[in-house]
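Reader: I would like a close look at one helix and its setting. Please keep it brisk and define your terms.

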Amino acid sequence: METTSILPLLILGSSFIPGTLILLLREDQSSQRTFLNIFGAVAKVSLIALVFAGYMRGEDYTFVFSLAPGLNFTLRVDLLGLFFATLSAVLWLITTLYAIGYLEGGRHRRRFFAFFSYCITASTGIALSGDVVTFFIFYEFLTLSTYPLVVHLGTDKAVNAGRTYLWYTIGGGTILFLGVVGLSVIAGPIHFGQTEIIASLISENATQLAILFFLMLAGLAVKAAIFPLHSWLPISMVAPAPVSALLHAVAVVKAGAFGIIRLVYDVYGIETAGYMNLLTPLAVFAAFTIIYGSVRALFQDDFKRRLAFSTVSQLSYIALGVAITGVLSSTGAIVHLVHQGIMKITMFFAAGIVAETYGFYKISEMNGIGRRMPLTMGAFAIAVFGMIGLPPVAGFISKWYLGLGAIETGSYWVVLVLLGSSALNAAYFLPIIYRAWFCEPVQELVPRRRSGRLETQALMLIPVVVTGLLSLAAGVFAAVAGSPLSIAREIAERLYLL
Amino acid sequence: MINLPTSSLPAILVGLPILVATLSLFFRSRGKAVVGLLGSLLTAGLALIAFVEVAQLGSVIHILGGWEPPLGILLRMDPLAVVFIGMTALVGVFISLFAWWYFRAQESTNGKFSLFWPLWLFLWAGLNGLFLSNDLFNLFVTIEVIGICAVALAVLSGKTDSLFAGLRYLLAAITGSMAYLFGVALIYGSTGTLDLGLLGQILEPGKTTTFALLVITFGLMVKMAGFPFHFWLPPAHSSALAPVSALLSALVVKGAFYILLRLWAEVFGISLTYAGGQLIGLAGAVAVIWGSWQAFMQTNLKLIIAHSSVAQLGYLLMIFPLLILAPGVVAGSADWLSPAWTAGVYQVMAHAFAKASFFLSAGIIIMAQGHDHKGSLRDLASRMPMTTMAIGIAGVSLIGLPPSGGFFAKWMLLKGVFLSGQLWWAPVILTGSFLTAGYVFMLLRLAFAPARDQEPFRPVPHSLQVVALLLALGSFLIVFPAENLIQFLESSETFGSGIESIMEGGAYGNN
């Protein structure tokens, strides 16, 4: 703890500084902007790789800035944080490429890319936060920096979606704020991982601690889109595709899910939370959300809305895995952070490509599109198989571990939820595949954008193929050291052994 | 008190702006502006030097003309005073720069508004004097100077609505001053002294003291637009010229709060009761909810901002109950007072920066569009991104989202609420934040919405927009030195061990 390192701060700076510089550029300086974007994204990935390597050698990276007694700004590197930071940074790099292609010639790109960078700063800040207060600071910063992106198009629909988004997230933030202040008063400053502090307090302050837990959980559940606090997510789909892809599949919603993981594992501790019986309500709500999101997804014709309800459902896998105790289900929950991220981002990329290239926003319009865009829809198909849980795609691994974990603890109802959800996933995703590949087009398909012989612009096509392949690789090479699964397993084992 | 190191800085801090203001009266309109701006920069520089001096030496005093109290006048510059002086200087210098470019951009009417400069410098001298005063009568003189200058500035635009608003303002100011003076007379009659330090030692609880406390608190509440005496503020602040609105809301109302804090902590500690604290807290709580709601309901930008001030000042009143525990209640931590006053100081600073920025942004929008109906914000994000950013950042600080100064203040306030066991204030604080988010994001939503009509749009100089943005950023930057600033303030007599014993005495002495 004594060592102070500037590296965590640099990781944040690698997106914050380019974002600020982009704001200072003129709208038409697009090549400078692109340079800053790519430079920042590459720098972030490299810095995280550097820190990751150092951490594995046993080095400690902590940055502390004291704001007031008991109120510190702490960045601290641990395995779980690095895991999430790596996910954010890698997907940011890929999404930046995609966004450059997607927004070519669009309006307000300066604003877009600046706030996009701020969002990822917030997301990595959340990953590297060393204590509850710092986490909260970035959690709120994320809300604010996403807002201009949600309302980016400036249409009445977008602006109203932004309003809904804010009511939910500001409301959740306010509740979280109350919980965080209350916790800091009762328990003092808590670093993540210092679960013994709460454990030592439960005999005296059991009721207060339980209330605070549920306050914070409710605040986090908004961003994690757990029923009944999920409605903002489908509405926010009005944002441009790269935003939906990165922010509403990874950064924002994962901030909530990651927060729940931190709250249960690193603040209260699994034992204490289990002992105080705090996890049952979470399990019930998460399980209900899994089914509810899937059922709602069945009835959406708008492509992105169907994906959004699918996200609602899939995110609760993480919460459910946290709520069931055991190494296996914890592994499943943690690894699903990454697996869901790469699969869902592939889907949103594909949806964006279809919308940009052919102007199709509805699933019913997409007949025969697979034959015109084999790579895009191929990547999409991989992600679909993963979501359903077919081996060897990544999603299978998550579900397998969650299911094993449930059996291990005797929660057989969870297995039923998982199976039901898989069936529903198949029911709402397979028709898209069927239409795209096996139905004849209703009218002639005339692409609006094309680049050379490729099915769409290379900058959009490469990212979707890459993330599609990543989804496959994460499943196929799950047993290899360094795979998401192996890291998630190590995090979980450390949790239970310590 | 007397054996503190002496310094001539306190006298210069008051004297210099008066001198420059008087000097500027001999110039024509253009010269007034030049002299005024130079005077502002000089005064701000002096404030910086004063800050450094107190940081090095601790509290210093100045005895005017060598006449020692109780006969003469003593100025005391302690950490609390110098923090307020510093804040006034920082915000003041930005507003001065804004005013310089603002009046220049309206070249044709330049001469008409040039009285701004002497009035503002007199006002500044009054504020510095207020922060440095160490006796009740001096404080009265300074709030009178401030009040007169503030009313004159408020009516400077010469528009009919500002004249009516100014009249109301004047009446409120006079009522407040008279009540305050009445209380001072009562104290002087019963003790024969006006010196704050001395009064803190010799003032005995009793009917006279309680009554004096009551009228003084009433007078100051009127002056700082504490609910339910806030009626004069929205019209006066919203009808003034942009730099004036910024001055009035960022700095002027804080003067009365400063006196209230000083007197409650240093002088009347022994006479404070739990019920009294709760009552003033209740006024603050109602102000928070009512002011925010009113702001939400307004259709004119400047009225939204002005009503928001009522709410933000309510938070300041809410720190008073946290300083006085209920009889028999034990605080949650040994250090239970610190969060409450830290919240007060930070709320003052964060509001000063954010509100000044907000009013200046409103001025920019009026310059561009010719009116301030909230519809004029439509498409602002494309037309003036920098001003949109300023409104966004200042608004975030008003809401209290991290990592702004407003967040820090609310954090400390909420912590004080938990530690003092007065949990009933927590919903008010959070509801206030939520409502604030309501009107701030209503404005931002418009800024991102498409423009409906093709209204004429006059480009506004970038310099004006930069000043507003820097002030907004200021409301965030004040968080970084927080730890040092709190330590610095804790060495102050007001917030040192003095307040603790006095407040605890009050809490337990009156049951």
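Author: What follows starts with helix H15 of chain B, then turns to one of its residues, the domains and the contact between chains.

This is a predicted model, in which local features need pLDDT of at least 70, side-chain atom pairs count only at pLDDT 80 or more, and totals for chains, interfaces and linings use all residues. Residues are numbered from 1 along each chain as its sequence is written, while chains are lettered from A and ligands numbered from 1 in the order in which they are written.

Helix H15 of chain B covers residues 337–369. Helices here are DSSP runs (H or I, at least four residues), strands are E runs of at least two, and both are numbered from the N terminus. Does the span of H15(B) agree or disagree with its 33 residues? It agrees, because 1.5 Å a residue gives an expected 48 Å and the end C-alpha atoms are 47 Å apart. The expected span is 1.5 Å times one less than the number of residues.

H15(B) is mostly covered, with 30 of its 33 residues buried. Buried means 20 or more other C-beta atoms within 10 Å of the residue's own; exposed means 12 or fewer, partly exposed lies in between, and C-beta atoms are placed from the backbone. After the helix comes B:Gly370. The phi of B:Gly370 is positive, near 90 degrees.

Next, a partner. The axes of helix H13 (residues 301–317) of chain B and H15(B) come within 10 Å and cross at roughly 180 degrees. H13(B) is therefore roughly antiparallel to H15(B). Axes are lines fitted to C-alpha atoms, for helices over the stretch in contact, with angles from 0 to 180 degrees between N-to-C directions. Angles under 35 degrees count as roughly parallel, over 145 as roughly antiparallel, 65 to 115 as roughly perpendicular, and the rest as oblique.

Which residues make this contact? From H13(B) they include B:Leu301, B:Ile305, B:Tyr315 and B:Leu316. From H15(B) they include B:Gln347, B:His351, B:Phe358 and B:Phe359. Contact means that C-beta atoms, placed from the backbone, lie within 7 Å. By class, this contact has nine nonpolar, five polar and two charged residues. Ala, Val, Leu, Ile, Met, Phe, Trp, Tyr, Cys and Pro count as nonpolar, Asp, Glu, Lys and Arg as charged, and the others, Gly among them, as polar.

Now zoom in on B:Gln347, a residue of helix H15 of chain B. B:Gln347 counts as buried because it has 27 C-beta neighbours inside 10 Å. Leaving aside neighbours within four places in sequence, B:Gln347 is in contact with B:Tyr315, B:Leu316 and B:Ala409. B:Gln347 and B:Met412 are 65 residues apart in sequence and 9.7 Å apart in space, C-alpha to C-alpha.

Step back to the domains of chain B. The assignment gives domain 1 (1–134) and domain 2 (294–511); such bounds come from an automatic or database domain assignment. In chain B, 17 residues of domain 1 are in contact with 23 residues of domain 2. Helix H3 (residues 79–105) of chain B gives the most to the domain 1 side, with 13 residues. That side has 14 nonpolar, two polar and one charged residues.

Last, the contact between chains. Chain A supplies 26 residues and chain B 27. On the chain A side, H6(A) gives the most, with 12 residues. This side of chain A has 14 nonpolar, eight polar and four charged residues.

Definitions and conventions. Two residues are in contact if their C-beta atoms, placed from the backbone, lie within 7 Å.
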